[in-house]
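I opened the model today to look at how its strands and helices are put together. My entries follow in the order I looked things up.

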Amino acid sequence: MAGDKMLMGLDIGTNRTRCVIGSVSREGLLMVDSICERPSEGVRAGSIVNIEQTLKTIQSVINEAELQAGAEISEVIIGIGGEHIIGIPSTGVVGINSKDQEIKREDIYRSLEVARAFELPQDREILHTLVQDFQIDGQVGIKDPIDMLGHRLESRVLIVTASSSICQNERKCIQRSGLTVQRMVLQSLADSEVVLSPEEKEMGTILINIGSGVSNMIAYTHGAPVYTGGVNFGGEAVTADIAYILNKTRAVAEQIKCESGHSYVPSVSSEEMVTIPQVGGLPSIRMPKKELSKVIEPRMAEIFSRLQNDLEKANVQGSFGGGVVLVGGGSLLSGVTELASEIFRLPARLGFPEAIGGLDRNYISPCYTTVLGLLKSEARKVKEVGTGGKAKRDAPRRQENGPVSKVKRFFRTLF
């Protein structure tokens, strides 16, 4: 439609690279035009290790998505996650200088700048400044302080930082494919955009994405993110364990995991048997399913235990009445919710992305939460701006470096 803004999201995973193209109207109505995926190459534990191989994958999946959508896109929103992601709590305090003591957007901007004003190592960069809440003259729990009266404004934020080299490698791949990085978004933040409701965030919920090479986590309390992190382990480690213990190829081990795997031993009957395919034309063999589960459970338990220990070390305040929500390809392994519930001592369930206009029902799966969340997050920003992308394109160039534009650019980095 005329006036709609075209968006592209790209999720470069260890096992699969996914691309989605959609359009968003000035009213913020999002429609999915195409979604494509390809096996990833040159990616290990969620990080690019071979730019040439990854570039081929990116170009292939983007070309296919553009062909299906019937549009060419020049900018892309990309997701990033992994063990290198660190969330740093910070606060920024400023005085209100106006005569009427009314808090303006510029005062919030100043408080957030103070919160971000700490020494950052040279190998780190800031991805997001996630606002938790504000305090005005000691009054806590304020979500929107604009137009309120006070003498002292304090902002509490979570500064999400990432490895500069990992980010630069992703940007370089995108640039060499002929595109511009519109925004780099934390993958778990994108997941929460299409999986968690405002009520679940308010209750307190832990969202975990179990990918092939990386497992990401984000925790919400009182409607705001309070922790984010990840570990460089995922479903690929489970496949490697099966391949080693059963002396099978990775391809056969992956087949066994997907068709017969179970990650929670207590819920597997001793009588259940599984068929193990053999190579070289040899007949298949049968083994107790419980024995296969004993291979899978320790690795999955290690993933959850490391995430849970990291969360405890962060000393996060607040309860998690919403429990644990699992997404990503690894969450489809049988018994995962039971194991997560036991380790976190919270209810656990699978998370599915919300239905979006134009999205085929086959993609309403935990596997596609990240790439759809990248699109949804940008569509929400377009809706908040109100005029979509047209106002930005029509704005005079001479205003881009003015103080008002500086504030706008800063707030576009907030999520």
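Entry 1, helices on the sheet. I began with α1, which lies across β1 (5-12), β2 and β3. I noted that α1 runs at about 145 degrees to β3. I should record here that this is a predicted model. I then turned to helix α4 (residues 187-195), which lies across β1, β6 (75-80) and β11. Its direction is at about 80 degrees to β11.

Entry 2, the sheet itself. In what order do the five strands of the open sheet come? I read the order as β3-β2-β1-β6-β11, with mixed pairing. I found β3 (30-39) and β11 (180-186) at the edges; each has a single partner strand, so one side of each is left without a neighbour in the sheet. From one strand to the next the twist averages 20 degrees. I also checked how β3 is held to its partner: nine bridges join β3 to strand β2 (residues 16-24), and the two run antiparallel. As one pair from this set, I noted Arg-16, whose bridge partner in β3 is Pro-39.

Entry 3, a hairpin. I looked at strand β8 (residues 124-136) and strand β9 (residues 139-142), which run antiparallel and are joined by two bridges. Phe-134 has Ile-142 of β9 as its bridge partner. Two residues lie between the strands of this hairpin, and Asp-137 in the turn has a positive phi of about 50 degrees.

Entry 4, the cores. Which residues have the most contacts inside the largest nonpolar core? I listed Met-8, Leu-10, Ile-62, Leu-127 and Ile-174, in a core of 41 residues. Helix α1 (residues 51-69) gives the largest share of this core, five residues. I followed Ile-62 further: leaving aside neighbours within four places in sequence, Ile-62 is in contact with Met-8, Leu-10, Cys-19 and Leu-179. I found a second, separate core of 39 residues, which includes Val-238, Ala-301, Ile-303 and Phe-320.

Entry 5, a helix pair. I took helix α8 (residues 289-313) and helix α9 (residues 336-344), which pack at an angle of about 45 degrees with their axes 10 Å apart. The two helices are therefore oblique to each other. I logged the crossing of α8 past α9 as right-handed. On the α8 side the contact is made by Glu-297, Met-300, Ala-301, Phe-304, Ser-305, Leu-307 and Gln-308. On the α9 side I wrote down Val-336, Leu-339, Ala-340, Ile-343 and Phe-344. Ala-301 is thus on two of my lists: the second core and the α8 contact with α9.

Technical notes. Residues numbered from 1 in each chain as written. Predicted model: local features only at pLDDT ≥ 70, side-chain atom pairs only at ≥ 80, totals over all residues. Heavy atoms only, no water. Core = buried A, V, L, I, M, F, W, Y, C linked by side-chain atoms within 4.5 Å. Buried < 20%, exposed > 50% of the residue type's maximum accessible area, 1.4 Å probe, protein only. Helix = DSSP H or I, 4+ residues; strand = E, 2+ residues; numbered from the N terminus. Contact = heavy atoms within 4.5 Å. Pairing = 2+ DSSP bridges. Axes fitted to C-alpha atoms, helices over the stretch in contact; angles between N-to-C directions. Parallel < 35°, antiparallel > 145°, perpendicular 65-115°, else oblique. Left-handed = near helix turned anticlockwise from the far one by under 90°.
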